[in-house]
Amino acid sequence: MVSVGIDLEEVGRIRRSLENPRFCARVFGAEEAAQLAGRGFPAQSAAACFCAKEAFGKALGTGVRGFSLREVQLLRRPSGQPYLHLSGRALELARERGLSFSVSVTHTREYAAVVVAAEQQG
């Protein structure tokens with residue numbers, strides 16, 4: 001492991017933000033939005049997706065600068081296991097640093113939290 005990023009969000013804050021279509025367009029990637037929509041766009045899951053972007057930036061070491069939030073998508077495998085799907089500049093930064101990422105997600109009705117661990121590849 002090279003570094004760890006963590007983020008905690010209030011679900012209510014994200015619930016209010018979801019009322020603004022510009023927020024959704026700026027934050028969620030297409031596949032991420034589709035997975036959320038397929039589950040009724042639960043605020044807890046949307047908050048976890050937002051947390052993943054923040055935690056990724058911390059594990060990467062840049063914060064949420066140098067890449068678009070939409071380029072970091074928290075997706076789920078058919079088994080339910082979460083993973084990060086990177087594209088664009090987020091993917092380039094990860095490759096430049098030789099990093100792969102593991103993610104752990106949890107939430108309650110009030111809070112969502114995500115931990116991202118960055119690992120050196122090779």
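Contact means that heavy atoms lie within 4.5 Å. The model is predicted: local features need pLDDT of at least 70, side-chain atom pairs count only at pLDDT 80 or more, and totals for chains, interfaces and linings use all residues. Residues are numbered from 1 along each chain as its sequence is written, and side-chain values use heavy atoms, with hydrogens and water left out.

**Exercise 1. Describe the fold of the protein chain and how compact it is.**

Step 1. Count the elements. Helices (H or I, at least four residues) and strands (E, at least two) are DSSP runs, numbered from the N terminus. The chain has five helices and five strands.

Step 2. Read them in order. The pattern along the sequence is β-α-α-α-α-β-β-α-β-β.

Step 3. Check the radius of gyration, taken over C-alpha atoms, against the globule rule, 2.2 Å times the number of residues to the power 0.38. The radius is 13 Å, close to the 14 Å that the rule gives for 122 residues, so the chain is as compact as a globular protein of that length.

Step 4. Add the box. Along the principal axes, the C-alpha atoms fill roughly 40 × 25 × 25 Å.

Step 5. Look at contacts with a separation of 6 or more. Residues 24 or more positions apart account for 57% of them.

**Exercise 2. Find the largest cavity and describe its lining.**

Step 1. Fix the term. On a 1 Å grid over the protein atoms alone, a cavity is a set of points where a 1.4 Å probe fits but cannot get out; lining residues have an atom within 4 Å of a point. Points are joined across faces, edges and corners, and a volume is the space filled by probe spheres set on them.

Step 2. Search the whole structure. One cavity of 30 Å³ or more turns up. The largest cavity holds about 60 Å³.

Step 3. List the lining: Glu32, Gln35, Leu36, Arg39, Ser45, Cys49, Leu74 and Arg76.

Step 4. Assign elements. Helix H3 (30–38), helix H4 (43–60) and strand S2 (72–76) each give two or more residues. H3 supplies the largest share, three residues.

**Exercise 3. Place Ser45: is this residue buried or exposed?**

Step 1. Locate Ser45. The residue lies in helix H4 and helps line the largest cavity.

Step 2. Apply the cut-offs. Buried means under 20% relative accessible area, exposed over 50%, partly exposed in between (1.4 Å probe, protein chains only). Ser45 has 11% relative accessibility, so it counts as buried.

Step 3. Name the partners. Neighbours within four places in sequence aside, Ser45 is in contact with Leu36, Arg39 and His107.

Technical notes: 1 Å grid on protein atoms, 1.4 Å probe; cavity = no way out; pocket = protein on both sides within 12 Å on 5 of 7 lines; lining within 4 Å.
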